[in-house]
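This report introduces a structure to a reader who has not met it before. It takes up the cysteines, the nonpolar cores and one helix in turn.

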Amino acid sequence: MKYVKLGDLLVKSGDITQAQLDQALELQEGTGERLGAVLQKHGFITERQLIDTLMSQLGVEFIDLNTCPIPPEMAQLIPKSTAKKYKMVPIRATRTDVHLAMADPLNFVAVEEVRAITRRRVIPLIAASAAVERAVQNLYSNQGAMQAIEDMQRDLLGSQYGGGAVAQPQSMTMDEDETDAAPAIRLVNSIIDRACTEGASDIHMEPGEDSMTIRMRIDGALRAIIPVPRELQSSVISRLKIMARMDIAQKQIPQDGRANVTVRQETLDLRISTLPTIHGEKVVVRLLRKTPELATLEGIGLEGGNRERFCRLVDRAAEGVILMVGPTGSGKTSTLYAMIDRLKSEEVNLVSLEDPVEYHIDGVCQVQINDKTGLTFASVLRSVLRQDPDIIAVGEIRDGETAEIAMRAAMTGHLVLSTIHTNNAVSSVDRLLDIGVEPYLIAGAVKGIVSQRLLRKVCPHCKKPYTPAEEEREALGLPPGDYTFYKGAGCGECFGTGYRGRTGAFEILPINSAIRRAIHSRSLKELETAMANTDFHPIMENCCKLVLDGVTSSEEVHRVLGGG
């Protein structure tokens, strides 16, 4: 490929004007950024436009890294540091050539460096920037994992013949270069590193007859990542138990523990739990990122009318209980943090009881619950009431004792925020009654209930409109009419799933006098009538709006809410 200037190419193709090019060159000066990145960053072109121009003007081939399996041996061709530096990944090679997927195939410095390293002719291909980054991370992460597995198998074979491996001290910081660490440490670290790259919330290590499968929950759905040979299962589990300070000798009872690790300058809290199964212990690792930007109204996806109702509920409540409800993994804790972030100030004493403390918030007294040492929600809540609190956030109401203390605290002038595991706003009232809270306490204390779910968002890069079938429209409860729905076709940006990121869907129930009377009389019919006469919009209404706005798909709504 002969040397050409990207700017001239884009002006010639009509994608940008000369004035825009001159402005971009000024913005680029002194930054060290590539021109293509500057043009995209400031909105002059999209990545798709850049790819199409290079394909049509120079004949550069586009490669979809999501559908192109990369052989593990490609990691041996160029160092990981070089691949990351230039955003490129080798995808195939012969004795004389190497095909290189690049975010910027006009980066001739990168091409020359690869030519010098491999001593082969370099054939540049263009790929989506995010797909290249992910492919680089996965290729070299898989290389590290597979190398660790090979080393563990060799050590195991050696120990059978009297050799054995020398135990290495554990490292809780996952560095780029871990060549001196024990294989089990490197394997576990590479798995955690991969989970961070994928944005996973949980890692599942599931033993089977022949191997242990590693799966990760990404955007709410589990995906298989890598199998680990059965003979290495105990070493991996033991490493995790050591990190979490569990008893490695005890394999017949469930155990729970925590660990703190640093991955690429990001600190993570790990909640690790084990469960005995017929094929050995299953381990689940929950990754908790200390990213307080998630704990905002924008971060949790509160918009429009729901945002107004939420703010009105929070800002007007000087005392009482506000509940966040939903099943596990529906984003209740993030909403609780968003509420704390809105209410904290120098004028109030805000105490938060959490298990675990996920985000650290300045100006808030956060207490870590520990059932093993007697620091239960109920016992700490009693102590907090003697600490002159204005607002108390209780991470979760798990039992009748905690619920009753929270309700009585609200009745004596405190504002209490908490979460509870139920499906919707109405069932949270039944749940409180089931765990033994008196109806008069619920009716008198609860000021509002926020119910929510998390829905995957349709990938904006491969979003396609379509006209839904009648059955699909009826499933959402929409009246007859002409509608346009959207779904993701799958692309390199979303890694073939059709979804990228998640957002919240909400229903907010303010408690008025009519609803209080219905709760006190335990009348479901009266409660439904009272709700119909208040500013209550069911969660399905919010979901329908998200579908019609192209934020999510009808399939995703059905997956999360079922029949509604």
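## Cysteines and disulfides

The structure, which is a predicted model, holds zero disulfides. C544 is in no disulfide, and the nearest cysteine sulfur, that of C543, lies 7.1 Å away. A disulfide requires two cysteine sulfur atoms within 2.5 Å, so this pair does not count as one.

Two cysteines can also be described by their accessibility. C544 has a relative accessible area of 8% and is therefore buried. C459 likewise counts as buried, because its relative accessibility is 0%.

## Nonpolar cores

In soluble globular proteins, nonpolar side chains tend to be buried together. Here, the largest nonpolar core has 43 residues, and L353, L432 and I449 have the most contacts inside it. Helix 14 (residues 400-411) supplies the largest share of this core, with six residues. A second, separate core comprises 34 residues, including I191, I192, I237 and V283.

L353 deserves a separate description. Leaving aside residues up to four places away in sequence, L353 touches V367, I369, F377, V380, L381, V384, A393, V394 and G395.

## The two sides of helix 19

Helix 19 spans residues 524-532, and its buried residues are L527, A530 and M531. Because these residues cover an arc of only 100° around the axis, they lie on the same side of helix 19. On the other side of the helix, K525 and A532 are exposed.

The buried residues of helix 19 pack against three elements: helix 15 (425-434), strand 19 (499-510) and helix 18 (513-521).

Methods:
Residues numbered from 1 in each chain as written. Predicted model: local features only at pLDDT ≥ 70, side-chain atom pairs only at ≥ 80, totals over all residues. Heavy atoms only, no water. Buried < 20%, exposed > 50% of the residue type's maximum accessible area, 1.4 Å probe, protein only. Helix = DSSP H or I, 4+ residues; strand = E, 2+ residues; numbered from the N terminus. Arc of directions from axis to C-beta. Contact = heavy atoms within 4.5 Å. Core = buried A, V, L, I, M, F, W, Y, C linked by side-chain atoms within 4.5 Å.
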